[in-house]
Each structure stands twice: as structure tokens, then as C-alpha cells.
Amino acid sequence: GLNANLSSIVHLYDSNGKVSSVKSDLPNDILYDLSEDNDDVRICGDLSVNLIMDVVLNSAKSLAGKIGLSKSFKVFDEKNSSVLNGLSKHMENWQFVDKCTRNNRYAPDQSHEELDSAKIRIAEYSLILKKNEVKQIKLVELPEGYTVEDLVFLTNNEHVSVDKSGNVKGNSLGNSIILIKTKDGKHSIKCHILCKE
């Protein structure tokens with residue numbers, strides 16, 4: 001017979017253009033639908049197709065099998081019978097390509113700029129959650145004169161929920177944006193969340 005598998009890879013970009021990639025058990029089409037309105041999420045897939053064939057000599061029901069003279073072995077499996085040898089097996093935007101092109105995005109050189117202490121900074125700008133999983137948005141820096149108690153955490157839909165301490169819980173499949181802002185509205189930052197199951 002034939003065995004075919006399309007594994008999914010989710011690429012998440014932070015505000016500096018850095019990509020982090022994770023494999024997902026969700027089908028490609030669902031991931032494409034969930035991420036279509038989010039430019040910071042890109043989906044790829046790796047296709048594999050191989051022959052499968054198992055041989056059984058003297059099954060357990062035969063006389064020889066009942067006295068322990070049975071043998072089974074694999075003739076074809078995913079290791080030795082790829083149908084796609086020499087063909088492109090990586091898929092982006094439902095098109096086959098030679099290799100994955102999801103690299104870090106261009107980010108302007110900021111090495112000469114001084115750090116602006118008037119901004120909210122977070123450790124990760126994109127998070128992936130499973131349904132019912134909870135992760136905290138970790139703060140790296142707050143504007144001068146502000147404390148954690150001066151922050152408000154808001155979600156743009158019901159796929160995730162967030163509490164006043166920045167703990168995000170996955171509720172249902174989909175992507176969301178968490179807005180973190182100061183109560184006076186002078187400073188804000190966004191964190192993209194993907195709930196995958």
C-alpha cells in the first residue's frame with residue numbers, strides 16, 4: 001500500500017523580525033485558516049509518501065506458527081521506499097518549493113540607537129498555547145515611573161483569555177492579539193497568541 005503524511009510547521013515572527021518555528025499536529029488547512037489574518041504567522045508543510053509492505057511467514061494460526069516457526073518483516077516502509085525521491089516535498093502557500101524560505105525578516109540595524117526606557121518590553125512577542133494551557137507574558141522592561149499594577153492586559157477575541165497579571169489561557173482554536181497598555185494609555189505593546197488545539 002501507500003502511506004502519505006503532510007506534517008505542519010508554524011513560523012512565528014516577533015516585532016524584531018526573528019522567527020521561531022514549531023511543529024504542529026493540526027492539519028495544514030486548519031492552520032492556514034487560523035492564521036490568514038495574521039502577518040506574523042506563516043505555515044509550511046512537509047509531504048512524505050512511501051510504499052508499505054509487511055510479509056508474514058507462518059502466521060500464528062498456522063501449525064508452524066503455533067510451534068513458534070513464524071516470522072514477520074517489513075519489505076517497504078518510510079525509511080526505504082519514498083515515492084517522492086528527487087521531488088520537492090516542502091510546501092508553502094500550497095506551492096511546492098525546493099526548501100523552506102521562512103527566515104528571519106529584515107530588521108533595521110539598531111546597534112547605534114540608545115535603549116528607550118519609555119517603552120514596555122516583553123520577552124516574547126508570539127506565543128503558542130494548547131487548549132486549556134496557561135502561559136504568562138513575561139515583562140522585560142517598563143517605562144520609567146510605571147509598575148506592573150499600572151498595566152492592563154486585553155484580548156481581542158474569545159480564543160484566549162488573559163488576567164491582570166498577564167497569564168494567558170487557551171480557550172479554543174484560533175489566533176488572538178493581547179494588548180498590554182498602561183492605564184493612562186500612553187504606552188502599549190502587542191503579543192500574538194496562537195491556540196492550536
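Is Glu141 buried, partly exposed or exposed, and at what relative accessibility? Glu141 has 22% relative accessibility, so it counts as partly exposed; the cut-off for buried is under 20%. Keep in mind that this is a predicted model. Below is a quick tour of the salt bridge that Glu141 belongs to, followed by the empty spaces and a nonpolar patch on the surface.

**The salt bridge**

- There's one salt bridge in the structure, and it pairs Arg121 with Glu141.
- The closest N and O atoms of Arg121 and Glu141 sit 3.1 Å apart.
- Arg121 belongs to strand β8 (residues 121-122) and Glu141 to strand β11 (residues 139-141), so the contact ties together parts that are 20 residues apart in sequence.
- Arg121, like its partner, is partly exposed: its relative accessibility is 22%, and Glu141 comes out at 22% too.

**The cavity**

- Search the whole structure for cavities of 30 Å³ or more and you get one.
- The largest cavity holds about 30 Å³ of space.
- Its lining is made up of Ala123, Glu124, Leu127, Gln136, Ile137 and Lys138.
- By residue type, that lining splits into three nonpolar, one polar and two charged.

**The second largest pocket**

- This pocket has a volume of about 160 Å³.
- Strands β2 (19-24) and β9 (126-129) each contribute at least two residues to the lining.
- From the early part of the chain, the lining residues include Leu12, Ser20, Val22 and Lys23.
- Further along, Glu124, Ser126, Leu127, Ile128, Lys130, Glu133, Lys135 and Lys196 also line the pocket.
- Charged residues account for six of the lining, with four nonpolar and two polar ones making up the rest.
- Two names turn up twice here: Glu124 and Leu127 line this pocket, and Glu124 and Leu127 also line the largest cavity.

**The nonpolar surface patch**

- Leu2, Leu51, Met53 and Phe76 make a nonpolar patch of about 350 Å² on the surface.
- Phe76 is part of strand β5 (residues 71-76).
- With a relative accessibility of 32%, Phe76 counts as partly exposed; that value fits its place in the patch, because patch residues need over 30% relative accessible area.

Terms used. Residues numbered from 1 in each chain as written. Predicted model: local features only at pLDDT ≥ 70, side-chain atom pairs only at ≥ 80, totals over all residues. Heavy atoms only, no water. 1 Å grid on protein atoms, 1.4 Å probe; cavity = no way out; pocket = protein on both sides within 12 Å on 5 of 7 lines; lining within 4 Å. Points joined across faces, edges and corners; volume = space filled by probe spheres on them. Helix = DSSP H or I, 4+ residues; strand = E, 2+ residues; numbered from the N terminus. Nonpolar A, V, L, I, M, F, W, Y, C, P; charged D, E, K, R; others polar. Patch = residues over 30% accessible without salt bridge, like charges linked within 9 Å, V, L, I, M, F, W, Y side chains within 5 Å. Areas by Shrake-Rupley, 256 points an atom, 1.4 Å probe, with all protein chains shown as cover. Salt bridge = Lys/Arg side-chain N within 4 Å of Asp/Glu carboxyl O. Buried < 20%, exposed > 50% of the residue type's maximum accessible area, 1.4 Å probe, protein only.
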